[in-house]
Amino acid sequence: MLIKPGSSLDTYEKIKTLLWEGQVIGLPTETVYGLAGDATNNQAISTIFALKNRPTFNPLICHFHSLKSILEYCESHPALETLAENFWPGPLTVILKRKSSALSSLVYAGLETVAVRIPDHPIALEIIERLERPLAAPSANISECLSPTTPQHVLQAFGEHPQLAAVIDGGPCRVGVESTILDLSQKHPMVLRPGAISYDDLNRVLGNVQSLSPSTSQPVRAPGMTKRHYAPKIPLHINVTAVLSTQALLAFGADVLDGAAATLNLSVSGNIDEAAANLFKMLAELDQPCYTAIAVMPIPHIGVGMAINDRLQRGAASPQSHQTYRYGGL
Ligand code: TXA
Ligand code: MG
């Protein structure tokens, strides 16, 4: 069921009732669509894990309406207020030490920490404020598949599943890649997943920020994860400088390679933010069995381009790849 809340107060009340009952909905955020449920309700959270086919050791992000409500569930951190002033509401998730609270232990997978953010989307904020509880929401895709940036992607992934009570239509997502994850639970703040808030943005505000490089092997301190995520069904080749006539091309910029069976362009003008917003939608469109592969032209490694390249590298990793990382990106 696709629901467009618009300004109808009635609709928001219906959504609130569904969530109070422990049901699960498709929720628009500025980054990607989430599969959302009341973070204090065990039934809702187990439904999310089951729908996504997500391993239960991989914790979920909790979405809040205000810093004040976050502090009911988490210990503060000296950097938290500065981060909130600069980046919230927005595409930044922070890992904090959790307080003992009413959160379902499934949400944080039994860890001492919990991932939190305040999304920059009027519909999501309105729903969370009315519910007066945090909403746990991983991306609304089946684990390891492409992330959803439109309500139609969510419906395509889950169909009219009886355990998905509704998909809220907030239109296409503005950012298009998942939030930056910053771990504040260790000695030095560390970026675990690149996103639209870049490492440089964080370092400018905090200084002394470290970054977890996917290409180096790190001790696994939190969820053990596989390298392959965000994968289309057909093979994905990245940084291509030539394309075959059997392949679909995902181009970037005005200088497009010739000879592909089909071409979509992430941004003709070479705008990296536009490319991020188009990434998952265009990958999904080109993911057709009539092509032998999706070939992607090089994407500049600047700003959100680092997040785009992270997702593309994971999507291109072989299915046999089981390198572990500290975060999963499921
Ligand atoms: O933009 C986003 O972050 C979207 C929207 C819906 O908010 N959500 C999202 O959730 O991308 P998900 O579940 O696909 O990715 C969350 C990542 C997972 O890789 C998980 O391992 C990591 O956050 N994570 C969650 N809690 C954690 C914790 N306590 N410690 C370390 N990593 C954690
Ligand atoms: Mg995900």
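Proline 89 lies in the loop that runs between helix 4 and strand 5, and the peptide bond that leads into this residue from tryptophan 88 is cis, with omega near -5 degrees. This is a predicted model, and the values below are computed from it. The model contains an open sheet of 11 strands with mixed pairing, and an open sheet of 4 strands with parallel pairing; the points below take the loops, the two sheets and the helix contacts in turn.

**Backbone features in loops**

- Most residues other than glycine have a negative phi, and most peptide bonds are trans.
- Against that background, the bond from tryptophan 88 to proline 89 is cis, while alanine 109, a residue other than glycine, has a positive phi near 50 degrees.
- Alanine 109 belongs to the loop between strand 5 and strand 6, and these strands, residues 92–97 and residues 113–117, pair with each other in the antiparallel sense over 4 bridges.

**The sheet of 11 strands**

- The strand order across this open sheet is 1-8-2-3-7-4-6-5-9-10-11, and the pairing is mixed.
- Strand 1 (2–3) and strand 11 occupy the edges and have a single partner strand each, so one side of each is left without a neighbour in the sheet.
- Within the antiparallel pair made by strand 5 and strand 6, isoleucine 95 stands opposite alanine 115 of strand 6.
- Helix 6 (residues 151–158) packs on the sheet, where it touches strand 1, strand 2 (24–27), strand 3 (34–38) and strand 8 (164–168), and the direction of helix 6 makes about 160 degrees with that of strand 8.
- Strand 9 (residues 180–183) and strand 10 (residues 190–193) are antiparallel and pair over 3 bridges; they form a hairpin with 6 residues between them, and leucine 182 has valine 191 of strand 10 as its bridge partner.
- Strand 10 is also joined to strand 11 (residues 210–211) by 2 bridges, and these two strands run parallel, with methionine 190 opposite glutamine 210 of strand 11.
- Between strand 10 and strand 11 the chain passes through helix 7, and the resulting β-α-β crossover is right-handed.

**The sheet of 4 strands**

- This open sheet has the order 12-15-13-14, with its strands paired in parallel.
- Strand 12 (236–237) and strand 14 (262–265) are the edge strands, and each of them pairs on one side only.
- Strand 13 (residues 248–251) pairs with strand 14 in the parallel sense over 4 bridges, and alanine 248 stands opposite alanine 262 of strand 14.
- Helix 8 (residues 272–286) lies across strand 12, strand 13, strand 14 and strand 15 (294–296), and runs at about 170 degrees to strand 13.

**Helix-to-helix packing**

- Two packed helices are described by the angle between their axes and the distance between the axes.
- Helix 4 (residues 80–87) packs with helix 7 (residues 199–206) at an angle of about 130 degrees, and their axes are 10 Å apart.
- Helix 4 and helix 7 are therefore oblique to each other, and their crossing is right-handed.
- On the side of helix 4 the contact is made by Thr82, Leu83, Asn86 and Phe87, and on the side of helix 7 by Asp201, Leu202, Val205 and Leu206; by class, the residues of this contact are 5 nonpolar, 2 polar and 1 charged.
- Helix 8 and helix 9 (residues 305–316) pack at an angle of about 20 degrees with their axes 9 Å apart.
- Helix 8 and helix 9 are therefore roughly parallel to each other, and helix 8 passes helix 9 in a left-handed crossing.
- In this contact Ile272, Ala275, Ala276, Leu279, Phe280 and Leu283 of helix 8 meet Gly305, Ile308, Arg311 and Leu312 of helix 9, and the residues divide into 8 nonpolar, 1 polar and 1 charged.

Note on methods:
Residues are numbered from 1 along each chain as its sequence is written. Chains are lettered from A and ligands numbered from 1 in the order in which they are written. This is a predicted model: local features need pLDDT of at least 70, side-chain atom pairs count only at pLDDT 80 or more; totals for chains, interfaces and linings use all residues. Side-chain values use heavy atoms; hydrogens and water are left out. Axes are lines fitted to C-alpha atoms, for helices over the stretch in contact, and angles run from 0 to 180 degrees between N-to-C directions. Angles under 35 degrees count as roughly parallel, over 145 as roughly antiparallel, 65 to 115 as roughly perpendicular and the rest as oblique. A crossing is left-handed if the near helix is turned anticlockwise from the far one by less than a right angle, and right-handed if clockwise. Contact means heavy atoms within 4.5 Å. Ala, Val, Leu, Ile, Met, Phe, Trp, Tyr, Cys and Pro count as nonpolar, Asp, Glu, Lys and Arg as charged, and the others, Gly among them, as polar. Two strands pair if DSSP finds at least two bridges between them. A crossover is right-handed if, with the strands pointing away from the viewer, the path from the first strand over the helix to the second runs clockwise.
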